[in-house]
Amino acid sequence: MRAAVYYGNNKVEIEDVPEPTVSAGHVKVRVSRNGICGTDLHEYFDGPIFISPEAPHPLTGQAMPVILGHEFSGTITEVGSGVTNLHEGDRVTIEPLYRCGTCRPCRSGHYNLCNSIGFHGLMADGGMAEYTVVPENMIHRLPDSVSLEDGALVEPMSVAYHAATLGEVNDQSSALIFGAGPIGIGVWFALRGLGLTEIDVVEPSPTRRAAIESLGARTLDPTAEDVSAIVADRTNGEGVDAAYDAAGVAPAVQSALECVGERRPLISVAIYDRPLPTPLINLVLRERRIQGTICYTGDDYRAVIDLMARGHYNTIGWVETIPLSGVLDEGFAQLRAGHKMKVLVDPTT
Ligand SMILES: [Zn+2]
Ligand SMILES: [Zn+2]
């Protein structure tokens with residue numbers, strides 16, 4: 001079968017590899033779509049970061065080389081022994097987290113914080129291939145009304161949904177989102193799904209603003225508008241109930257800390273690749289707080305799939321599909337240059 005294999009910095013090959021074989025407690029999935037994530041770009045251009053060059057991962061036993069891809073959907077073609085409630089032909093999406101089940105975060109249900117966490121597609125052969133084999137506890141079945149294209153977006157939309165819920169918001173809340181990339185868009189959809197109507201998205205790029213506006217969002221251009229003044233005006237000087245940083249740059253964090261209300265959180269859902277000069281005095285004086293967020297659990301997957309089944313997610317204008325042979329030039333290079341938003345790979349082409 002064909003697969004995108006990671007061999008290290010700037011080295012990904014599209015090549016023929018043996019098809020994986022199913023084992024007990026696992027299922028074999030014929031991949032339909034696999035999304036390219038910012039993490040994949042980091043591994044390719046700046047890595048290896050999460051992928052281990054030599055030491056096998058404690059839960060998967062695998063190190064480099066590895067087949068990329070942790071955001072995917074597909075159809076089950078074979079089930080291993082002991083798997084009773086999944087069947088050949090089931091349309092599924094994958095929650096790609098390996099977790100130990102015994103560390104403190106795992107025992108408390110927060111297995112997204114597992115001390116030994118591993119990703120299918122970084123620490124084990126992933127979904128940028130015609131077939132992949134996963135443990136049955138990673139599988140979520142898709143309702144008939146959810147397409148396999150949407151199914152490949154459940155993973156990033158669950159990252160965003162988990163972040164949205166950590167803002168402790170309800171349908172009366174106001175929110176501010178910094179960054180209209182795929183995660184910012186996902187936070188907007190999640191907040192809408194939670195019933196919020198007062199949401200502004202702060203984004204300097206005109207094309208990204210246009211994309212999220214066409215989904216129905218209200219935007220602010222921080223290069224031309226005074227975000228703090230506008231937010232103060234809209235909230236009677238009280239500030240928003242939650243701010244979300246999906247941009248990961250200093251001006252966004254600084255602005256967010258000016259705009260969030262007293263005793264309310266800034267949710268950080270960005271990858272900060274360097275320290276920021278953050279004015280923490282803005283936290284102290286108003287008892288504001290910064291809350292990190294990583295990944296998701298099955299609850300977030302179920303909530304996103306449920307919203308998708310009700311037609312909540314519109315992918316027009318920000319999601320496109322490319323063939324596996326185009327991963328590097330049509331995918332990684334275009335995404336790195338900021339020319340595309342979300343790219344799904346079809347491994348059969
Ligand atoms: Zn990802
Ligand atoms: Zn654990």
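Buried means under 20% relative accessible area, exposed over 50%, and partly exposed in between, using a 1.4 Å probe and protein chains only. This is a predicted model, where local features need pLDDT of at least 70, side-chain atom pairs count only at pLDDT 80 or more, and totals for chains, interfaces and linings use all residues. Residues are numbered from 1 along each chain as its sequence is written, and side-chain values use heavy atoms, without hydrogens and water.

**Exercise 1.** Find what share of the chain is buried.

*Solution.* Take the 349 residues of the chain. Buried residues make up 53% of them.

**Exercise 2.** Count the helices and strands, then judge the compactness of the chain.

*Solution.* Use DSSP runs: helices are H or I with at least four residues, strands E with at least two, numbered from the N terminus. The chain has 11 helices and 18 strands. Next, take the radius of gyration over C-alpha atoms; the globule rule is 2.2 Å times the number of residues to the power 0.38. The radius is 20 Å, close to the 20 Å from the rule for 349 residues, so the chain is as compact as a globular protein of that length.

**Exercise 3.** Describe the largest nonpolar core.

*Solution.* Such a core is a set of buried Ala, Val, Leu, Ile, Met, Phe, Trp, Tyr and Cys residues joined through side-chain atoms within 4.5 Å. The largest has 71 residues. Ile36, Trp188, Leu191, Tyr244 and Phe332 touch the most other members. Helix H4 (residues 154-166) gives the most to this core, with seven residues. Another core, of 16 residues, lies apart from it and includes Phe178 and Val260.

Methods
Chains are lettered from A and ligands numbered from 1 in the order in which they are written.
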